[in-house]
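Here is a short report for a reader new to this structure. It moves from single residues to sheets and then to a cavity.

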Amino acid sequence: SDWSADSWSDYGSRDKPGTTLGRTVPDGNVLFPDIFHTDHLLFYERFRAYQDYILADCKASEAKQFIAEYLGKVLEPSGWQAIWRTDVFEVLVGVVGVNFSALKAVVQLSEPFLCESQDGSFTLECMQELLELKEHQILLQELWVVYDESGEFDQTALAIEHVRFFYRCIWRTWDEEEEDEFDYFVRCVEPRLRLHYDVLEHRVPSGLVVDYQNLLSQCEELYEKFLNVRNSISSSDSDSEAENVSMVEGLKLYDKVEHLKQKLKLIENPLLRYVFGYQKYGSLQAKGLRPTGAKVTHVVPWTMTASLLQLLARDKLCPESCEDLEIQFHRDPLAAVNACYEGDRVIICPGHYVVDGVFCIADSVELEGYGLPDDVVIEKQGKGDNFFDCTGANIKISNLKLVQHDAVEGILNVHHGKTTLENCVLQCETTGITVRTSAELLMKNSDLYGAKGAGVEIYPGSACTLLHNGIHHCKEGILVKNFLDEDYEAPKITMVNNMIHNNEGYGVVLVRPVMASEMKDASAQGTEGIFLFLEETPKTSKYSIPGFLDCIIHNLYLKFVAAGDETACAEGSRQEQPGCVTDELELYKRAETSEQTENNSEIANVLGATSAKKSQMHKKRLSELGFTEADDNLMSQEMFVSVEGNQFKWNGKGSFGIFLF
């Protein structure tokens, strides 16, 4: 790397008069001097610093060395003051030297002595004694540089901020032991940096942030235990039973750590964090029946007129007998839903309702619009994780248009129970509808569009029935998540007469892990995710399947390719024989119908084959545990799949794809 002074002229303020950094007043009761305000740096500023100036193309094992070289070029070796901060005290020190290789500063207490601690027990003598124990060397990341208007110490303050941020937010204790085949910046630094700023800018669901922090804490704790066990084994020369037990314990800890590391990587990856999502709900508590046992109809009028009230009474409120019917009126739909108990119904009159909140439906209630979906619009304003969260046993939503803006999560999440969505329009922002494990969705005669993720996400162990819907202009149409994990059951999927079109990626995507037989080919490509896919228009038998994976899917696609060959032959013979326009149109319609039939059957076949693979894996596990004969119900793990009459048109990458990870 070129470490000449010229290469730094556009970074920091070495050659510019006066400081370009802000200042901030330290918190607390002691009158410390102001410090440089450096913790507000933008993503691109940190990205550029780590990529261009600090880490470049280093390996994880070389990170500390590269940081030391960087500091040697930009850090003032002495003559500046800083506040030394720990969890228990803050003290003003002067820097008289820097140990670059250890990333430490040589300091002495400043005069006058300024110190603040939680219990006030750190006197001048105590601090001097502590510094002597540390040989007057403390970590640079524990220093906050005192503000100076001259600009002389701008780069020093920035450099220490980059080191501090790196070891607090980027570096993991196990990074050094990871394989060094790939660029450390690309493999770890960039995804973790992006995740940090995605969290700051509220682009990651709060539940997922909590999951990530918990996983990180668990992984750090287990890794520390693993290191202790490994060190105890390596320091012992005996071949005792205790050491063998330690080795077994070490292997178990290693497996747990690796499992947690993989989960962390999924969340750090901006694509995979939304592909795999997270489990978080169970916190919504159902109210149950109203104490009086009555069921209430809640009416939400945009404006109430006498004629509208008469129509409501005729159509919804008193179709037969309304003597005992209790009616409550509300100003907005959210207030009405929050007032519901088990068995209640909410009727929303025509109007455009803007809400700032989350619809949390934990009881079996009906939510319906009085009129056409475009006449009854519920629009969410303000940032937030969710729009509709459903956990009730039997929820029905009908005749509504839901509009989502500036969101983090999908427009509707079915966490538990069954949710029926009928004759609705959903204008999405991030993902569309998510059907979580053990949940059930029935969606019919509805229109969903605009999702930046998948229109519908189907989790393992769920049930999803899609009838006569339009799913379009999304990143992906329908995404079926991995269900090969032993903890999950296969989902039950029914797709009949849906129109899936104009999606950026695929009409339907199956996400699953790479099998052991496939791992060698996949790793040779050095990719984290690989797509297998079929083109929407099979004009030839040469489908767009990556060559290195042909062997993986040969048997799976054999029948489909054969069908494609017949279609190709039919097309070839048709092109050789001239005919009238009517015949051409008729043949085109037949070919298009044949194509759509093949698309439907192929999706069903591949999903079914994957489900059968899970069943085989389950049988193998039972066999390894000594169960030679298994109960039929226990073994019925295969996915129920019904895919008929769906049309796939103008999807950017094709009708169906498989994403391997």
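His136 sits in the loop between α3 (124–133) and β7 (137–139). The model is predicted. His136 has a positive phi of about 60°, although it is not a glycine. Most residues other than glycine have a negative phi, and most peptide bonds are trans. His136 counts as partly exposed, because its relative accessibility is 29%.

Asn502 also has a positive phi without being a glycine, here about 55°. Its loop runs between β30 (499–501) and β31 (506–512). Asn502 is partly exposed, with a relative accessible area of 30%.

Another backbone feature concerns a proline. The peptide bond from Glu111 to Pro112 is cis, with omega near 0°. Pro112 lies in the loop between β5 (104–109) and β6 (115–117).

**The open sheet**

Eight strands form an open sheet, and their pairing is parallel. The order is β12-β15-β18-β21-β24-β27-β30-β34. Why is one side of β12 and of β34 left without a neighbour in the sheet? β12 (351–355) and β34 (647–649) stand at the edges, each with a single partner strand, so one side of each stays free of a neighbour there. From one strand to the next, the twist averages 10°. Strands of a sheet pair through backbone hydrogen bonds, either parallel or antiparallel.

One pair within this order is β24 and β27. Strand β24 covers residues 447–449, and strand β27 covers residues 470–472. Three bridges link them in the parallel sense. Leu448 has Ile471 in β27 as its bridge partner.

**Around β29**

Strand β29 (residues 492–496) is mostly covered. Four of its five residues are buried. Strand β26 (residues 463–467) is joined to β29 by five bridges, and the two run parallel. Cys464 stands opposite Ile493 in β29. β29 is also joined to strand β33 (residues 641–644), by four bridges and again in parallel. There, Ile493 has Val641 in β33 as its bridge partner.

The table sets out three of the strand pairs described above.

| Strand pair | Bridges | Sense |
|---|---|---|
| β24 (residues 447–449) and β27 (residues 470–472) | three bridges | parallel |
| β26 (residues 463–467) and β29 | five bridges | parallel |
| β29 and β33 (residues 641–644) | four bridges | parallel |

**A cavity between two domains**

How many cavities of 30 Å³ or more does a search of the whole structure find? The search finds four. The second largest has a volume of about 60 Å³. Its lining includes Arg172, Trp174, Asp175, Glu178, Arg187 and Cys188. Arg192, Lys261, Leu264, Lys265 and Glu268 also line this cavity. Two elements give two or more residues to the lining: α5 (184–200) and α7 (241–268). α7 gives the most, with four residues.

What classes of residue make up this lining? Eight are charged, three are nonpolar and none is polar. Domain 1 (22–184) and domain 2 (204–277) both give residues to the lining of the second largest cavity, so this cavity lies between them.

Trp174, one of the lining residues, also features in a distance to Leu227. The two are 53 residues apart in sequence. In space they are 10.0 Å apart, C-alpha to C-alpha. Leu227 is placed in helix α6 (residues 206–234). Leu227 is partly exposed, with a relative accessible area of 23%.

Technical notes:
Residues numbered from 1 in each chain as written. Predicted model: local features only at pLDDT ≥ 70, side-chain atom pairs only at ≥ 80, totals over all residues. Heavy atoms only, no water. Pairing = 2+ DSSP bridges. Axes fitted to C-alpha atoms, helices over the stretch in contact; angles between N-to-C directions. 1 Å grid on protein atoms, 1.4 Å probe; cavity = no way out; pocket = protein on both sides within 12 Å on 5 of 7 lines; lining within 4 Å. Points joined across faces, edges and corners; volume = space filled by probe spheres on them. Nonpolar A, V, L, I, M, F, W, Y, C, P; charged D, E, K, R; others polar. Domains from an automatic or database assignment. Buried < 20%, exposed > 50% of the residue type's maximum accessible area, 1.4 Å probe, protein only.
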